[in-house]
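Take a walk through this protein model, one piece at a time. Keep the sequence at hand as you read.

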Amino acid sequence: MAKQPDQLLVIHNNLNNLLDSKREAMPSNFNKTRFLQNCMTVLQDTKGIEQCDATSVARTMLKGAFLGLDFFNKECYAIVYGGTVQFQTDYKGEKKLAKRYSVRPVKDIYAKLVKEGDDFREEIKDGEQTIQFVPKPFNNGEILGAFAVVLYEDGGMAYEVMSAEDIELTRKNYSKQANGQAWTKSKGEMYKKTVLRRLCKNIELNFDTIEQAQTFDDASDFDMTKEPKPQQQSPLNPVIIEAEYEEVKEESPEEPGHEADQE
């Protein structure tokens, strides 16, 4: 077994070569030097990386380059699991990709958790579906669910809502690593990513290259080709809802979204 410094050098060289050979598949604003430096900084602190095949690690990091996501800024992750390394996008990375590649220009997109004590309502107002969300300040209550919203520059919007039960059902039946670190250590982020990924099924994304589109599909935590239990339908199958949107903002707009158009 090679020592970690030697392993990192091999990974660096492999990744450098891959970036050169696949440069036409990178985003137009891709900065190879910065990306490579950030990858090696992250890998130095990645526990168990020395046990993984160097070529496999380099190919995993390459996926972040295809999408223009930064491992150092935690827009995506290289997760070591059972001696292998797997690529996974973060909630922040999903937001970034939806904004960048949506055919219909996006003004903002985000997801929020709904906890016990928060005021979240879906209502019919003047024949139109509306949602309202007033979070309880500094709420550490039980998570009841999550919703995601996309606001378009043309004034339209779309949203998706999933209860905690729906998300857990999706996790149980379709997650590639239902008991992995992402779920056990970052439950809230995974809840938001799950509902955001469901919303993205209703957002037309136009990637620049085949590599980007394939990597985006692979980066999902969920394998929707898996057969669910009998009588069980995937909660990720979206239901489009015509809606208007009202929000009382008491949280940072940094966090990011049923289909709706506001006239």
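In which loop is Lys74 found? Look between helix H3 (54-67) and strand E1 (76-81): Lys74 is in the loop that separates them. Keep in mind that this is a predicted model. The backbone at Lys74 deserves a glance. Its phi is near 60°, a positive value in a residue other than glycine.

Phe138 has a positive phi too, near 50°, and Phe138 is not a glycine either. Find Phe138 in the loop between E5 and E6. Is Phe138 buried or exposed? Its relative accessibility is 82%, so Phe138 counts as exposed.

Now follow the chain into E6. Eight of the 10 residues of this strand are buried, so E6 is largely enclosed by the rest of the structure. Look at its partners. E3 and E6 run antiparallel, joined by nine bridges. One pair to locate is Leu113 and its bridge partner in E6, Ala146. E6 also pairs with E7, again in the antiparallel sense, over seven bridges. Here Val150 stands opposite Ala158 in E7. E6 and E7 form a hairpin, with four residues between them. In that turn sits Gly155, with a positive phi of about 100°. A general point helps when you look at strands. In a regular strand the side chains alternate between the two faces of the sheet.

Next, the nonpolar core. In soluble globular proteins, nonpolar side chains tend to be buried together. The largest such core in this model has 34 residues. Those with the most contacts inside it are Ile109, Val149, Val150, Tyr191, Leu199 and Ile203. Which elements give two or more residues to this core? They are H4, strands E3 (106-115), E5 (128-134), E6 (143-152) and E7 (157-163), and helices H5 (164-174), H6 (181-185) and H7. The largest share, seven residues, comes from E6. There is also a second, separate core. It has 33 residues, including Leu8, Leu15, Phe71 and Val85.

Helix H5 is one of the elements that contribute to the largest core. Its buried residues are Ala164, Ile167, Thr170, Arg171, Asn173 and Tyr174. What covers them? The cover includes E6, E7, H6 and H7. The spacing of residues along a helix is worth knowing. An α-helix has 3.6 residues a turn, so residues three or four places apart point the same way.

Try that idea on another helix, H2. H2 covers residues 32-44, 13 residues in total. From its first C-alpha to its last, H2 reaches 18 Å, close to the 18 Å expected at 1.5 Å a residue. Its buried residues are Phe35, Leu36, Asn38, Cys39, Met40 and Leu43. Look at the start of H2 as well. There, a side-chain oxygen of Asn31 reaches to within 3.3 Å of the backbone nitrogen of Thr33.

Charged residues come next. Side chains of opposite charge can pair when their charged atoms come close. How many salt bridges does the structure hold? The count is 10. Take Glu94 and Arg197, one of these pairs. Their closest N and O atoms are 2.6 Å apart. Glu94 lies in helix H4 (residues 91-101) and Arg197 in helix H7 (residues 187-200), so the pair ties together parts that are 103 residues apart in sequence. Glu94 is buried, with a relative accessible area of 0%. Arg197 is buried as well, at 11%.

Compare Lys99 and Asp108. They form a salt bridge whose closest N and O atoms are 3.7 Å apart. Lys99 is partly exposed, with a relative accessible area of 40%. Asp108 counts as buried, at 17% relative accessibility.

Finally, find Arg121 and Glu123. Their side chains meet in a salt bridge, 3.3 Å from N to O. Arg121 is partly exposed at 35%, and Glu123 is partly exposed at 26%. The story does not end with this pair. Salt bridges that share partners join Asp119, Arg121 and Glu123 into one network.

Note on methods:
Residues numbered from 1 in each chain as written. Predicted model: local features only at pLDDT ≥ 70, side-chain atom pairs only at ≥ 80, totals over all residues. Heavy atoms only, no water. Expected span 1.5 Å × (residues − 1). Buried < 20%, exposed > 50% of the residue type's maximum accessible area, 1.4 Å probe, protein only. Polar contact = N/O pair within 3.5 Å; in protein donor to acceptor, adjacent residues only side chain to side chain. Salt bridge = Lys/Arg side-chain N within 4 Å of Asp/Glu carboxyl O. Core = buried A, V, L, I, M, F, W, Y, C linked by side-chain atoms within 4.5 Å. Contact = heavy atoms within 4.5 Å. Pairing = 2+ DSSP bridges.
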